[in-house]
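Could you walk me through this structure in plain words? I'd like to know what to look for as I turn it around on the screen.

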Amino acid sequence: MTSALPPALPQVLPDNDALREVLHNEVHARPPARIRLPALVVYVAVLNEGVSREDEWAHLRALPGQQDLPLQALSGNFVRLRFANHTLKWERHTEFSRYSIVQALPDEALADSHHGDGSGHEAALMRSLAVDAGWLAGLPGKTVAAIMMAMVHGDVDDTAAMRATAAPWFDGRDTLASLMGIRRSCAMTDFRLRDSGFERLLVISPTNTSEQRVGRISQRLLELETYRLMALRGLPVAKTLAPMLGDAEARLAEITARMENKDASDQELLDKLIALAATVERATATHLYRFTATQAYYALVEQRIEQLRETPIPGTQTVGEFVLRRVSPAMATVQATAQRLASLSQRIERASALLRTRVDIATESQNQMLLEKLTRGQELQLRLQSTVEGLSIAAISYYVVSLILYAGKAGKQAGLPIQPELVAGATVPFVLAAIWWGTRQLHKRLRDDGH
């Protein structure tokens, strides 16, 4: 007998926004791994510019047993693959992708190598990787960070024992170290690249440290180093821009001085300002993202350092203090360059506004002179028009009087008792008055019509 299906729940909420589930599940997008000690974490971050998700998917499918990995599994920018003796985590970010491999710590990892340069130890460690070295070398992208982090149990209150544990891992070099968190785990590193391209970290935790906490410690330390390197990518850009900014500032000062002395034409200065503005705007468009990203990455570095809640070990500089002391000057340089670039753009804009004002004033002066010339021309035209009108009245009156004279002569020939010359002479004042009055009426009508 089959059991009845549970009744469907009634809808008690409005329809979901299209992004509700995606935004809600973002807090679960990249959960930290559960790491059982002792463990080795092999971490590689590569720049993914020009690398598609399909390229990374194809590379993940090259792993043993992953031929059927669907592309849809990578749609959330996070995948954790489980194997018999290790796990692999893939994450894709805006500028880089990172691969984290968690495996059991090889026995020879913390053993004394008996090699002064550690080359034999490094080679043995590469052979013990759970993932084929060729697969790592073939990761699509350019390496930006590569870390091997050994994580073991130990007594964090015994500084001498921790140093002895760390000595073979760091080839006897001096290390930075700090205690982290309330329950205290110890993180140690020397920030040096080995011949393999990896740098090394060592985490020593008490035996009662949970696997989840170990995973969180691992994630914070790896992110701290990745974001540190990504933040520093703005420093070479800032150094490259310094000569260009110096030259642009000198050119702007020269243009401003010539504007003040008025020893160059406005068109020449405008052409130079436009060329300078184009140079600065091109630099801004090209490098603004890098400067903005640097500030964002540095903020994440400071956040991760704060989350470590470090306690110093007497006689040893903490990891966070070392990072901030070494990275802060570079960040100040990047910030100063970004501000210098923005300030230069604003100064060019102000100089352009001043030049436009000067051009506008010169244009207004020219327009005023032209208007005065037009006014004088109109006055002359009015005078000429008045003269022409006077001559026109006289001419019209002459023709009218002539017609009256001819009419009088015709009447005299017809036998009328008139003197044509007397009649024509008598009508002259009346003709002049009539034509003058008619002209004035015509002018009045044109004015009333708006002409």
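Let's start with the largest pocket, which has a volume of about 330 Å³. Keep in mind as you look that this is a predicted model. Around the pocket you'll find 17 lining residues, and the ones nearest its centre are Arg 34, Ile 35, Arg 36, Thr 87 and Val 102. Three strands, β2, β3 and β4, each supply at least two residues of that lining. The largest share is from β4, which gives three residues. As for the chemistry of the lining, eight of the residues are nonpolar, four are polar and five are charged.

Since those three strands have come up, let's follow them one by one. Begin with β2, which covers residues 78–82 and is an edge strand of the sheet. Phe 78 is found in this strand. Is Phe 78 buried or exposed? The cut-off for buried is under 20% relative accessible area, so Phe 78, at 17%, counts as buried. For a sense of distance, pick out Val 156, which is 78 residues away from Phe 78 along the chain: the C-alpha atoms of the two are separated by 33 Å.

From β2 the chain goes through a hairpin of three residues into β3. The two strands run antiparallel and are joined by five bridges. One pair to look for is Val 79, whose bridge partner in β3 is Trp 90.

Now for β3 itself, residues 86–92. Seven of its seven residues are buried, so this strand is largely enclosed by the rest of the structure. In a regular strand, side chains alternate between the two faces of the sheet. You can trace this here: His 86, Leu 88, Trp 90 and Arg 92 point one way from β3, while Thr 87, Lys 89 and Glu 91 point the other way, and all of them are buried.

Another hairpin comes next, with three residues between β3 and β4. These strands also pair in the antiparallel sense, over seven bridges. To see how they line up, find His 86, which stands opposite Gln 103 in β4, and then Arg 92, which stands opposite Ser 97 in β4.

Strand β4 takes in residues 96–104. It is mostly covered, with eight of its nine residues buried. Besides β3, β4 pairs with β1, in the antiparallel sense and over nine bridges. Here Ala 45 has Arg 98 in β4 as its bridge partner.

Time to zoom out. How many strands does the whole sheet have, and in what order? Nine strands form an open sheet, ordered β2-β3-β4-β1-β5-β8-β7-β6-β9, with mixed pairing. The edges are β2 and β9 (310–312), each of which pairs on one side only. From one strand to the next, the twist averages 20°. Lying across part of this sheet is helix α5, residues 159–169. The strands under it are β1 (39–47), β5 (142–153), β7 (185–189) and β8 (199–205), and the helix runs at about 155° to β8.

Last, let's look at the enclosed spaces. The count comes to three cavities of 30 Å³ or more. The largest cavity holds about 160 Å³ of space. Of the 17 residues lining this cavity, those closest to its centre are Ala 33, Lys 89, Ser 100, Ser 218 and Leu 222. You've already met Lys 89, as one of the buried residues of β3. Which elements give at least two residues each to this lining? They are β1, β3, β4 and helix α6 (211–231), and α6 has the largest share, with five residues. The lining has seven nonpolar, five polar and five charged residues.

The second largest cavity contains about 70 Å³ of space. Its lining is made up of Thr 189, Phe 191, Glu 199, Leu 201, Leu 221, Leu 224, Glu 225 and Val 319. Two or more of these residues come from β8, and likewise from α6. Once again α6 has the largest share, this time three residues. Five of the lining residues are nonpolar, one is polar and two are charged.

Methods. Residues are numbered from 1 along each chain as its sequence is written. This is a predicted model: local features need pLDDT of at least 70, side-chain atom pairs count only at pLDDT 80 or more; totals for chains, interfaces and linings use all residues. Side-chain values use heavy atoms; hydrogens and water are left out. Two strands pair if DSSP finds at least two bridges between them. Helices (H or I, at least four residues) and strands (E, at least two) are DSSP runs, numbered from the N terminus. Axes are lines fitted to C-alpha atoms, for helices over the stretch in contact, and angles run from 0 to 180 degrees between N-to-C directions. Contact means heavy atoms within 4.5 Å. On a 1 Å grid over the protein atoms alone, a cavity is a set of points where a 1.4 Å probe fits but cannot get out, and a pocket is an open set with protein on both sides within 12 Å along at least five of seven lines; lining residues have an atom within 4 Å of a point. Grid points are joined across faces, edges and corners, and a volume is the space filled by probe spheres set on the points. Ala, Val, Leu, Ile, Met, Phe, Trp, Tyr, Cys and Pro count as nonpolar, Asp, Glu, Lys and Arg as charged, and the others, Gly among them, as polar. Buried means under 20% relative accessible area, exposed over 50%, partly exposed in between (1.4 Å probe, protein chains only).
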